[in-house]
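Grab a pencil and work through these exercises one at a time. Try each task yourself before you read the solution.

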Amino acid sequence: MPEGKERCMVNIPNPNPDKKITVYLIEDEEDLQEALVYSLEQLGFKASGFSTAAEFYRAYAVNRCDVVVIDIELPDENGFSIAQHLRSASNVGIVFATARGDLSDRVRGLRGGADAYFVKPVHAEELAASIEAIYRRIKAAEASADRALQPHHPEAPRGTGHWVLKEGDWILYAPDGRALRLTMSERAIVSSLFKQRNKPVDRTQLAAALGGGDLENFDLQRVDAVVSRLRRKATAAGISLPLHAVRGTGYQFHA
């Protein structure tokens with residue numbers, strides 16, 4: 001048994017006997033990576049480890065995971081950047097496990113989309129419990145959104161004649177009642193636009209809504225990428241989204 005596994009091993013029940021939660025761990029310290037992957041597997045998770053962001057992206061493109069555990073200091077990409085990319089494109093659970101314990105780093109991580117932030121050394125029991133809790137929240141939110149999309153859902157606004165953003169389930173309803181389910185990043189953008197509907201909203205405001213606390217280093221093109229993806233999704237659903245670019249400013253939602 002590799003050194004370090006003994007201190008990470010625990011003996012608690014399988015957190016989900018019906019379905020193995022898939023966890024990807026991005027950690028360039030090989031001994032720690034191997035030990036945590038081993039412990040998570042012993043707890044009933046389906047765990048895989050990666051030493052670089054590039055390795056992770058290749059695996060994630062083929063088979064997505066339920067939760068990803070990220071170290072911040074990696075050889076090819078900053079962990080904060082990985083989290084931003086993931087949060088802009090999916091609802092995957094995100095956990096930071098890093099040696100960086102400063103308050104500013106913890107706040108940046110959580111505002112950047114992380115569901116939890118751990119400072120090394122990481123205890124396997126606590127990490128496992130956090131992963132399980134995050135997974136439950138994600139699945140509960142997805143189930144709630146799916147119920148809202150059912151044609152005869154009694155609470156769903158149907159054909160109200162105007163745009164409706166149902167924030168509890170984060171469903172955007174068109175005037176004719178068609179529904180568009182939003183990702184976390186899309187929710188942030190649409191919610192900000194709805195608060196100032198029919199008025200231009202600056203791209204920096206939308207960036208802040210996406211978790212860009214450090215706007216000087218925030219790539220504003222991420223705002224454009226989220227808006228572009230939202231438009232494509234709406235078009236595919238047969239919805240004409242009244243979301244327009246405002247030259248020199250940002251975007252405007254006509255509702």
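**Exercise 1. A threonine in a loop**

Which residues does Thr52 touch, not counting residues up to four places away in sequence?

*Solution.* Keep in mind that this is a predicted model.
- Step 1: find the residue. Thr52 sits in the loop between S2 and helix H3 (53-62).
- Step 2: list its partners. Leaving out residues up to four places away in sequence, Thr52 touches Ile26, Pro75 and Asp76.
- Step 3: check its exposure. The cut-off for buried is under 20% relative accessible area. Thr52 has 18%, so Thr52 is buried.

**Exercise 2. A threonine in a strand**

Work out whether Thr22 is buried or exposed, and find what it touches.

*Solution.*
- Step 1: Thr22 belongs to strand S1.
- Step 2: its relative accessible area is 15%, so Thr22 is buried.
- Step 3: not counting residues up to four places away in sequence, Thr22 touches Lys46, Arg64, Cys65, Asp66 and Val67.

**Exercise 3. Aromatic pairs**

Classify the ring pair of Tyr24 and Phe50, then do the same for Trp163 and Phe253.

*Solution.* In general, you describe two aromatic rings by the distance of the centres and the angle of the planes.
- Step 1: count the pairs. A search of the whole structure turns up nine aromatic pairs.
- Step 2: take Tyr24 and Phe50. Their ring centres are 5.1 Å apart and their planes stand at 75 degrees, so this pair is edge-to-face.
- Step 3: see what the pair links. Tyr24 is in strand S1 (residues 22-26) and Phe50 in strand S2 (residues 46-50), so distant parts of the chain, 26 residues apart, are joined.
- Step 4: check burial. Tyr24 has 7% relative accessibility, so it counts as buried. Phe50, at 12%, counts as buried too.
- Step 5: now Trp163 and Phe253. With 5.6 Å centre to centre and 85 degrees between the planes, this aromatic pair is edge-to-face.
- Step 6: place the two residues. Trp163 lies in the loop between helix H6 (124-149) and strand S6 (164-166), while Phe253 lies in strand S11 (residues 250-253), so the pair ties together parts that are 90 residues apart in sequence. Both Trp163 and Phe253 are buried.
- Step 7: look for a cluster. Tyr24 and Phe50 join Phe56, Tyr57 and Tyr60 in one aromatic cluster.

**Exercise 4. Helix H4 and its neighbour**

What caps the N-terminal end of H4, and how do H4 and H9 cross?

*Solution.*
- Step 1: start at the cap. A side-chain oxygen of Asn78 lies 2.7 Å from the backbone nitrogen of Phe80, and Asn78 caps the N-terminal end of H4.
- Step 2: sort out the buried residues. In helix H4 (residues 79-89) they are Gly79, Phe80, Ile82, Ala83, Leu86, Arg87 and Ser88.
- Step 3: get the angle. The axes of H4 and helix H9 (residues 221-236) come within 10 Å and cross at roughly 20 degrees. Angles under 35 degrees count as roughly parallel, and H4 and H9 are therefore roughly parallel to each other.
- Step 4: add the handedness. H4 passes H9 in a right-handed crossing.
- Step 5: name the contact residues. Gln84, Arg87, Ser88 and Ala89 of H4 meet Arg222, Val226 and Arg229 of H9.

**Exercise 5. A lysine to finish**

Is Lys139 buried or partly exposed?

*Solution.*
- Step 1: Lys139 lies in helix H6.
- Step 2: its relative accessible area is 35%, so Lys139 is partly exposed.
- Step 3: the C-alpha atoms of Lys139 and Asp66 are separated by 9.7 Å, with the two residues 73 residues apart along the chain.

How values were computed. Residues are numbered from 1 along each chain as its sequence is written. This is a predicted model: local features need pLDDT of at least 70, side-chain atom pairs count only at pLDDT 80 or more; totals for chains, interfaces and linings use all residues. Side-chain values use heavy atoms; hydrogens and water are left out. Buried means under 20% relative accessible area, exposed over 50%, partly exposed in between (1.4 Å probe, protein chains only). Helices (H or I, at least four residues) and strands (E, at least two) are DSSP runs, numbered from the N terminus. A polar contact is a pair of N or O atoms within 3.5 Å; within protein, one must be able to donate a hydrogen and the other to accept it, and residues adjacent in sequence count only if both atoms are side-chain atoms. Rings of Phe, Tyr and Trp (its six-membered ring) pair if their centres lie within 6.5 Å; planes under 30 degrees apart count as stacked, over 60 as edge-to-face and the rest as tilted. Axes are lines fitted to C-alpha atoms, for helices over the stretch in contact, and angles run from 0 to 180 degrees between N-to-C directions. Angles under 35 degrees count as roughly parallel, over 145 as roughly antiparallel, 65 to 115 as roughly perpendicular and the rest as oblique. A crossing is left-handed if the near helix is turned anticlockwise from the far one by less than a right angle, and right-handed if clockwise. Contact means heavy atoms within 4.5 Å.
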